[in-house]
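Work through the exercises below with the sequence and the 3D structure open, trying each task before reading its solution.

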Amino acid sequence: MHEYPKERQRAIRIIESLRSGVPTRESTLDLPDVRPGLRDLIEKDLDRLAAGERVCGRIIWGEYGQGKSHLLHMVAHWALDRGFAVSLLTLSREISGQSLFQLFRRAAPIVCAAHSSVPGLQSQLAGLSPTALVQSPIQSDGRYCHPLPARVAELMWRVGAPEDTDQLYYHLAGDLLKMPDLRQIAKHAGHADLLKGLPSFRQEEHAPALFGLWSDLARLCGYHGWVILIDEVELVSRLGKISRARAYLNLARLLQWVDGAATQYSIYTLGAAATSLKGFWNDGQRGQPGDIEAIPPLCVERPKFGQAGAEALENFFRQCMDDDQCPTLQPVDEKHLSKLFDSVITLHGEAHAWKASMVRENLRDLPQNAPIRTRIRALVEMLDRASVTGIVVPPTTDVLVEPTVGEEPGSFSEDDVDENGGEPIPT
């Protein structure tokens, strides 16, 4: 069977990734970056984190179709190449941000690392000995807001039975065992003293300890830290007011915008949000004030938030609105876009072994005011047709017309509906 040269196979994979709209490591490396300034900003953050500095995270704002999700995938590849462990997740109805523990349960098991095709850190941790703990801060007193995760990590290296090691690893990844089961494992291993006299572990209250331990485990495995990428942050606007406040505060903690123990951890969080969320924060909806005005005073009256929580939320909104800390994706310069189109044309010619340069004269026929991904897909479609027919046919676009499907407010869960009974907020 005839096999294509490696260069042609690589070109085919890149073109197919463009067609699907999912960036790969190869497309990230081979295609020119259309926003070099933003890349420099993020790579400087990663360099500082690798050097052991405290680095605050960022929210990247952008309109629909401007490339926010694409950017997060690119950052994942940059971080992996620089020696970080990376988790990329998307907010949804199930993972809405109001529970920090649920965010951890989603982020920890899917962590990726360079040169490993298996998500998680289990195989890397299995290759370490208990003496490795001495070289890390995991056993330091007061390192975490609760000592249980660190004790379980130590126990994981001391038990002999593989099935017990697996259970303890899954516990650290968020599939929590009950305390009697943990004590039973420790007793069988001859280390019952590790779990004696510990206070109760509350999932939501002590979730920061799990995040902190996981970042320390990543460094123990030889990585520079843990990069957490969160897409579609704007979906928090679908929650009720108190749930939104919890989600904002959780994001502030992950972004390291809240003073406390979390500032010691090697975690860098980058979120992507639609700019419509800013309008909701400022202007509100259905006659209600925006969250910037309404949420902090509401939290002062709640014991679980109090004045400290209200101040943390005020700082959260202030940081999100700071263009230096949380930049907005700007329209791509045509010079950078032309370089990208030229690269796509060259790669398409290599992938399908034809003279794709004939399409360059027709680039002006691409949709001019459409999102970047629409223009790229239109270019790939134009190249596909020209490679088969030899004729360059400009792509056309039509408006997709669908009947409106309305949902009654009662069809949403309590947390998905505004507390005043309004419909979910459009994003």
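**Exercise 1.** Find where pLDDT, the predictor's confidence in each residue from 0 to 100, stays under 50.

*Solution.* The stretch is residues 404–427, for which the model nevertheless has 43 contacts (heavy atoms within 4.5 Å) beyond four places in sequence. Over the chain the average pLDDT is 89, and 92% of the residues score at least 70. This is a predicted model, in which local features need pLDDT of at least 70 and side-chain atom pairs count only at pLDDT 80 or more, while totals for chains, interfaces and linings use all residues. Residues are numbered from 1 along each chain as its sequence is written, and side-chain values use heavy atoms, with hydrogens and water left out.

**Exercise 2.** Determine which residues have the most contacts inside the largest nonpolar core, a core being a set of buried (under 20% relative accessible area, 1.4 Å probe, protein chains only) Ala, Val, Leu, Ile, Met, Phe, Trp, Tyr and Cys residues joined through side-chain atoms within 4.5 Å.

*Solution.* This core has 83 residues, and those with the most contacts inside it are Trp214, Leu217, Trp226 and Phe316. Helix α10 (residues 207–220), a DSSP run of H or I with at least four residues, gives the most to this core, namely nine residues. Apart from it lies another core, of 28 residues, including Phe341 and Trp354.

Definitions and conventions
Buried means under 20% relative accessible area, exposed over 50%, partly exposed in between (1.4 Å probe, protein chains only). Helices (H or I, at least four residues) and strands (E, at least two) are DSSP runs, numbered from the N terminus.
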